[in-house]
Amino acid sequence: MSKALGLLSGGLDSSLAALTLKRQGVDVTGIVFVTPFFGAARARQAARQIDIPLIVEEIGEIHLDVLKNPRYGYGKNLNPCIDCHALMFQLAARHVFNGDFDFLFSGEVLGQRPMSQNYNALQAVAKHAGCADIILRPLCARLLPETPMEKQGLVDREKLLDIQGRSRKRQEAYARQWGLTDYPGSGGGCLLTEKSFTGKLRDLLDHQPDCTVHDVELLKLGRQFRLSPAAKLTLGRNQEGNEALQAALRPGYTLLHATGYRGPTGLVSGHPSETDLAMAAAIVAGYGKGRDEASVRVRLQKNGDERFLDIAPMSQDRCTLLQVV
Ligand code: SF4
């Protein structure tokens with residue numbers, strides 16, 4: 001029995017691709033990658049439903065490097081889909097090259113997405129990943145040249161599919177036929193395709209090209225304020241956000257909280273000057289219960305030290321001007 005490892009996003013297409021192979025007797029395993037922009041929850045659910053094992057790998061740093069400088073550019077937002085797919089294939093291919101699996105597969109459908117799933121893009125992904133000869137696309141394989149896996153008899157080409165185009169009708173029909181009832185709609189699941197997130201990410205990449213996964217994670221934890229080209233404030237929106245920011249404190253970051261008044265926690269990242277920190281303290285005070293006072297004392301914690309700043313709270317209008325949306 002041949003063994004295949006498939007990129008499992010948790011969407012319908014990758015589940016159907018896995019089932020297409022499983023139903024012809026291939027031993028199928030899924031693999032999913034985790035970054036600040038997408039996680040493994042949907043893939044875990046899909047793997048349970050189609051009853052296949054799942055490998056979960058954390059690739060935040062290496063994916064961020066690709067995101068900062070994608071060879072094939074971005075899609076509609078900040079989604080470097082061709083490079084991202086190629087990276088996933090490249091990482092998955094290591095499991096084939098070390099002998100654990102015979103080949104890779106994915107749920108790509110020819111012509112489904114204008115940027116990432118036209119014929120040239122599929123070829124670019126495979127070539128860029130350096131493993132073109134071991135990638136099978138079960139949903140549209142019969143529209144593509146025969147692969148070495150088909151020639152060697154590891155899979156039966158006659159039992160592979162010939163789906164193409166943007167319509168979901170054939171996938172939905174197969175899902176019904178094969179008893180796949182619970183799957184997420186197409187799209188979603190990747191923050192890089194969401195306009196509301198990519199504005200904040202673009203601001204970070206523009207101002208802090210050396211940003212890390214930790215800096216990216218802050219974008220998800222609260223309101224963002226650009227203090228200067230070198231520094232940024234993240235402000236908690238609620239108790240949960242405040243606690244998340246406290247947990248995100250690490251060397252180089254400054255945690256701020258007004259003393260004597262209830263209000264949000266702030267976290268300054270980047271390379272702040274004293275002026276930046278004073279501005280951050282004024283914003284933290286401006287969002288707290290002491291916003292109408294002439295002066296509020298704000299505690300600053302950094303690298304295990306703490307100090308206090310007495311500061312006039314910033315008005316909401318001025319805060320709004322600094323907010324990154
Ligand atoms: S949508 Fe997101 S996860 Fe999917 S290929 Fe594009 S960048 Fe990667």
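Helix axes are here lines fitted to C-alpha atoms over the stretch in contact, and their angles run from 0 to 180 degrees between N-to-C directions. The model on display is predicted.

**The whole chain**

Begin with the full chain in view. Its C-alpha atoms fill a box of roughly 75 × 35 × 35 Å along the principal axes. The secondary structure comprises 12 helices and 12 strands. Of the 325 residues, 42% count as buried. Among contacts between residues at least 6 apart in sequence, 63% join residues at least 24 apart.

**Helices α1 and α7**

Next, select α1 (12-22) together with helix α7, residues 169-177. The axes of α1 and α7 come within 11 Å and cross at roughly 55 degrees. That angle makes α1 oblique to α7, since angles between 35 and 65 degrees fall outside the parallel and perpendicular ranges. The crossing of the two helices is left-handed. To see the contact itself, display L12, D13 and L16 of α1, which meet Q171, Y174 and A175 of α7. By class, this contact has 4 nonpolar, 1 polar and 1 charged residues.

**Helix α2**

Keep α1 visible and add helix α2, residues 41-50. Which residues of α2 are buried? They are R42, A43, A46 and A47. These four cover an arc of only 130 degrees around the axis, which puts them on the same side of α2. An α-helix has 3.6 residues a turn, so residues three or four places apart point the same way.

Now show what surrounds that side. The cover over the buried residues of α2 includes α1 together with β2 (27-34) and β3 (54-58). Then rotate to the face of α2 turned away from its buried side, where the exposed residues A41 and R48 are found. Finally, step past the end of the helix to D51, which follows α2 and has a positive phi, near 60 degrees.

**Helices α4 and α5**

For the last stop, select helix α4 (residues 81-97) and helix α5 (residues 119-129). How far apart are the axes of α4 and α5, and at what angle do the helices pack? The axes are 8 Å apart, and the angle is about 45 degrees. The two helices are therefore oblique to each other, and their crossing is right-handed.

Display the side chains of I82, H85, A86, F89, Q90 and A93 in α4; these residues meet A121, A124, V125, H128 and A129 in α5. By class, the contact of α4 with α5 has 8 nonpolar and 3 polar residues, with no charged residues.

Key
Residues are numbered from 1 along each chain as its sequence is written. This is a predicted model: local features need pLDDT of at least 70, side-chain atom pairs count only at pLDDT 80 or more; totals for chains, interfaces and linings use all residues. A residue is buried if 20 or more other C-beta atoms lie within 10 Å of its own, exposed if 12 or fewer, and partly exposed in between; C-beta atoms are placed from the backbone. The arc is that of the directions from the helix axis to the C-beta atoms. Two residues are in contact if their C-beta atoms, placed from the backbone, lie within 7 Å. Angles under 35 degrees count as roughly parallel, over 145 as roughly antiparallel, 65 to 115 as roughly perpendicular and the rest as oblique. A crossing is left-handed if the near helix is turned anticlockwise from the far one by less than a right angle, and right-handed if clockwise. Ala, Val, Leu, Ile, Met, Phe, Trp, Tyr, Cys and Pro count as nonpolar, Asp, Glu, Lys and Arg as charged, and the others, Gly among them, as polar.
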